[in-house]
Amino acid sequence: YDQLLANKDVIEGSFGSALLWERLEGKRACRISYLCKDGGYRSPEDQWGVIQDNVVHAMDRLEKAIKPFLSKIKL
């Protein structure tokens, strides 16, 4: 997490938006996330296709933004 956080500006620049970086103190994991504000499961069903496309697009952008740094992480 810290090694990715050290590259926060580059990752967010590549992603194209700010991300939510959560250390989750006392937990076994940390979280990097993005809140899609287009809607969700409570949105009308006729909007679900667009919402799903936006979520998949965001997931793809996140993977592409983080992937170059994963091979450099020292465990």
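# Questions about a predicted model

Me: What does Leu24 count as: buried, partly exposed or exposed?

Reply: Let's start with the number: Leu24 has a relative accessibility of 27%. In this predicted model, buried means under 20% and exposed means over 50%. The value for Leu24 falls in between, so this residue counts as partly exposed.

Me: And what is the phi of Leu24?

Reply: First, find the spot: Leu24 lies in the loop between β1 and β2. Most residues other than glycine have a negative phi. Leu24 isn't glycine, yet its phi is positive, near 55°.

Me: OK, helices next. At what angle do α2 and α3 pack?

Reply: Helix α2 covers residues 8–15, and helix α3 covers residues 48–70. Their axes run 8 Å apart, and the packing angle is about 145°.

Me: How many charged residues does the contact of α2 with α3 have?

Reply: On the α2 side, the contact is made by Val10, Ile11, Ser14 and Phe15. On the α3 side you'll find Ala58, Arg61, Leu62, Lys64, Ala65, Ile66 and Phe69. Sort them by class: eight are nonpolar and one is polar, while the number of charged residues is two.

Me: Is the crossing of α2 and α3 left-handed or right-handed?

Reply: Picture the two helices packing with their axes 8 Å apart. As α2 passes α3, the crossing is right-handed.

Me: How many aromatic pairs are there, and what is the one between Tyr1 and Trp21 like?

Reply: The count comes to two aromatic pairs. In the one made by Tyr1 and Trp21, the rings are 6.1 Å apart, centre to centre, with 65° between the planes. Planes over 60 degrees apart count as edge-to-face, so the Tyr1 and Trp21 pair is edge-to-face.

Me: How many residues apart in sequence are the parts that Tyr1 and Trp21 tie together?

Reply: Tyr1 lies in the segment before α1, while Trp21 lies in strand β1. The pair therefore ties together parts whose separation in sequence is 20 residues.

Me: Which is Trp21, buried or exposed?

Reply: Trp21 has plenty of contacts beyond its sequence neighbours, among them Leu4, Lys8, Ile11 and Ile32. Arg31 is also on that list, and the C-alpha atoms of Trp21 and Arg31 are separated by 6.1 Å although they are 10 residues apart along the chain. Tyr1, the ring partner, counts as partly exposed at 24% relative accessibility. Trp21 has a relative accessible area of 13%, which is under the 20% cut-off, so Trp21 is buried.

Me: Which residue forms an aromatic pair with Phe15?

Reply: The rings in question are 5.0 Å apart, centre to centre, with 65° between the planes, which makes the pair edge-to-face. Phe15 is in helix α2, and its partner is in the loop between β2 and α3, 19 residues apart. That partner is Tyr34.

Me: Which of the two counts as buried, Phe15 or Tyr34?

Reply: Tyr34 has 34% relative accessibility, so it counts as partly exposed. The value for the other ring is 2%, and under 20% means buried. The buried residue is therefore Phe15.

Me: Which residue lies over the face of Phe15?

Reply: Look for a charge at 4.1 Å from the ring centre of Phe15. The residue you want also lies over the face of Tyr34, at 5.8 Å from that ring centre. In both cases the residue is Arg61.

Me: How far apart are the C-alpha atoms of Leu19 and Ile32?

Reply: Leu19 is in the loop between α2 and β1, and at 10% relative accessibility it counts as buried. Beyond its sequence neighbours, it's in contact with residues including Ile11, Ile32, Tyr34 and Leu62. Leu19 and Ile32 are 13 residues apart along the chain, and their C-alpha atoms are separated by 6.6 Å.

Me: What about Gly13, buried or exposed?

Reply: Gly13 lies in helix α2, and its C-alpha atom is 8.2 Å from that of Ala65, 52 residues away along the chain. The relative accessible area of Gly13 is 57%, over the 50% cut-off, so Gly13 is exposed.

Definitions and conventions. Residues numbered from 1 in each chain as written. Predicted model: local features only at pLDDT ≥ 70, side-chain atom pairs only at ≥ 80, totals over all residues. Heavy atoms only, no water. Axes fitted to C-alpha atoms, helices over the stretch in contact; angles between N-to-C directions. Helix = DSSP H or I, 4+ residues; strand = E, 2+ residues; numbered from the N terminus. Left-handed = near helix turned anticlockwise from the far one by under 90°. Contact = heavy atoms within 4.5 Å. Nonpolar A, V, L, I, M, F, W, Y, C, P; charged D, E, K, R; others polar. Phe/Tyr/Trp six-rings, centres within 6.5 Å; stacked < 30°, edge-to-face > 60°. Buried < 20%, exposed > 50% of the residue type's maximum accessible area, 1.4 Å probe, protein only. Lys NZ or Arg CZ within 6 Å of the ring centre and 35° of its normal. Lists of a residue's contacts leave out its neighbours within four places in sequence.
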